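Visitor: I am new to this structure and would like a close look at a single part of it. Could you take me through the place where the two chains meet?

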Amino acid sequence: MNTSPVDFQANLAPEEAKLGESARVAGAMRGFAREIGALSALRLDACVHCGMCADACHFYIVTEDPQYTPVLKVEPFKQVFKREAGAFAPVFRWFGLKAKITGAELARWQHLLYDSCNLCGRCSLMCPMGIDIAELIEQARRGMFEAGLAPKELYEKAAHQRRTGQPEPSDEPYRDKLLAIGRRFNVEIPLDKPRAEVLLTVPRTDIEHYPAAVAALVRVMAHLKADCTFRSDGLVAENYGYYAGGRDWQREISRRLIDQAVACQAKVLIVPECGHAYSALRWEAAELMGKSLPFKVLHITEYLAEALEAGRLRLRTAQVGATAFHDPCQLVRKGGITAAPRQLLRAMGIEPRETVRHIGYNICCGGGGGVFDIERAATLRHRVVEEKFHEIDQTGAQTFLTTCSDCRRTFDDGKKRFNWELTPGSLLELVAEHLQGG
Amino acid sequence: MDLVDFARGPALKAAFIIFILGIVWRIVNVLLLRHKRILSEPRRSVPVALLAGLKGTGSRSWPHPEFIKRTVTGEALGYSYHIGLFIVILLFAPHIIFFGSFIGARWPALPNSVVTIFAVITITLFVAVLARRLGHPVLRHLSNFDDFFSWFVVALLLVTGLMATAHVGAPYHTILGLHILSFDLLLIWYPFGKLMHAFYIFPTRAVDGYVMTRKGAPS
């Protein structure tokens, strides 16, 4: 590696901290090797070190710190590729042109691969060579995970979710919390039906922090008379295996939902307001399972926009004043969902005020990709959210909406930090409040 | 055998063989690696995604307005010296004779004086590129041996070419020999470093355009 990032102490779970140097290096090699293929090789080989990806990354934009240059974050992955699988790998090894990677060296990359990347893909849009840098970073995370170098918070949540289906212990199981939300908001929670056309999932963030969004989901589905159900054994939409970089764990966590969808013969699995959950299920689950999914995966905004187009959903005009909308990166930039949220907004008489950088090119909330969960990343992500607040303020909006509970939580946290005037809201909740005849 | 004979004789042959074999091996090595199966249900059809991939090979050449304010210097420098290189390499009469002898073709040349002006401009741009790489915090942080050596190999070719045209520095025959040798060096280094981007740029853009359009995402 030609340069080293700032010397952060690795932030490890006790289980990870136990690993010795040889096990760590062997794990990294195993993890990176699994990710090396024709596509990643082409991408790793093609970089010309133009540095323009830095100008797309919000972590660089707000800090002007060159260590946050996106393509630099994949250096460990590139080093292993060049040394072990590149066209001239033997030359690199024999002449010592690429050193063997060490655990200590990898540990220094933890901050760059996890604390300062939302996997948002803005850098990939910028790259003049057309390299999907965000995907390379995701693959590099997988090597880090195998090396026992995923951040403690993500590793522990992924481990818990893999074991129990929910990413952290709770005073009562999420199933019971879900039913309690139903009682509190006076909605009937469809739960554990043996057969249903639509399998509903729920963000852990909504269960814990935004129960009104859960109620809104149920209310909207009931309004549409959808044959749907939650399943106790596959509730949580988020995938902490994905955040942590645990390929096998990600697959197992996805499998839990897939099995439930298959068991109830669902034709559609709905990912609620959560961007990364959408990416994990919509674009990665089939690849990890090694087969196509026997059902559609739809984000709730897509599902509702389809209902709108079919005339099944009609909405009343919302009197909410000038409104700005934040496109979650995983939905718009990596997921292709651009029109659906705007269709819903317009159906409520809202013409969204776009931020200066908008739709596919907008900057992130700063909390996605697991960054919100990483305690030590808070200062850095606050700088990103502050930048986003400036952009939203410039629109003159009185109402601010998004359709990802992790974005919303990041904005809420930023609101407290900066005493921001607006309150981040949920598009789904607004829809539920404006159902015609509802 | 004098320097020129050596440079355009056995040295050029050896360099050319390394150039061809190296490029072929580097591409074959990528193709031989595991190919990921894409199994998720596409949002856009395969023909639409393929077409977008094809379009992306060109459309990526011009940055989106969103980014241009921050990247304009790099873009302008990059475009300018690439254009300069193409003019000097492909539109200089002696080069046309040299390359034409291999492919059995000729094409119109620019007057020598015009090409000389372009060569001077291109060398100046190359100096600016190096200064920027050394002075820009991101580029300095990112740069490695490949970045500097690739720069050196191309710059050497430009400088020796200009010296040969201007008849300065050493007897013409010696400078010409050095110029051709520097071309040999370029051919030898080409497959090993970032100069390979000329072969990667279009496939990478096409793949990205295909993959992202398949998802309905911007590319």
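Guide: Gladly, and let us begin with a term: buried area is the accessible area (1.4 Å probe) that two parts lose on being put together, summed over both. Chain A and chain B bury about 5,200 Å² between them, and 59% of that area lies on carbon and sulfur atoms. Please keep in mind that this is a predicted model, where local features need pLDDT of at least 70 and side-chain atom pairs count only at pLDDT 80 or more, while totals for chains, interfaces and linings use all residues. Residues are numbered from 1 along each chain as its sequence is written, chains are lettered from A and ligands numbered from 1 in the order in which they are written, and side-chain values use heavy atoms, with hydrogens and water left out.

Now for the residues that meet. Counting a contact as heavy atoms within 4.5 Å, 66 residues of chain A touch 52 residues of chain B. By class, chain A's side of this interface has 33 residues that are nonpolar (Ala, Val, Leu, Ile, Met, Phe, Trp, Tyr, Cys and Pro), 17 that are charged (Asp, Glu, Lys and Arg), and 16 that are polar (the others, Gly among them).

Next come the pairings across the interface. A salt bridge here is a side-chain nitrogen of Lys or Arg within 4 Å of a carboxyl oxygen of Asp or Glu, and the rule finds seven between chain A and chain B. One of them joins Arg122(A) to Glu66(B), with 2.6 Å from N to O. There are also 27 residue pairs in polar contact, both residues at pLDDT 80 or more. A polar contact is a pair of N or O atoms within 3.5 Å; within protein, one must be able to donate a hydrogen and the other to accept it, and residues adjacent in sequence count only if both atoms are side-chain atoms.

Which helices of chain A supply at least two residues each to the side that touches chain B? They are H2 (21-35), H3 (38-46), H4, H5 (75-84), H9 and H17 (275-289). Helices (H or I, at least four residues) and strands (E, at least two) are DSSP runs, numbered from the N terminus. H3(A) gives the largest share of this side, six residues.

Two of these helices also appear within chain A: H4 (58-63) and H9 (122-126) each supply at least two residues of the side of domain 1 that touches domain 3. On that side, H4(A) gives the most, with five residues.
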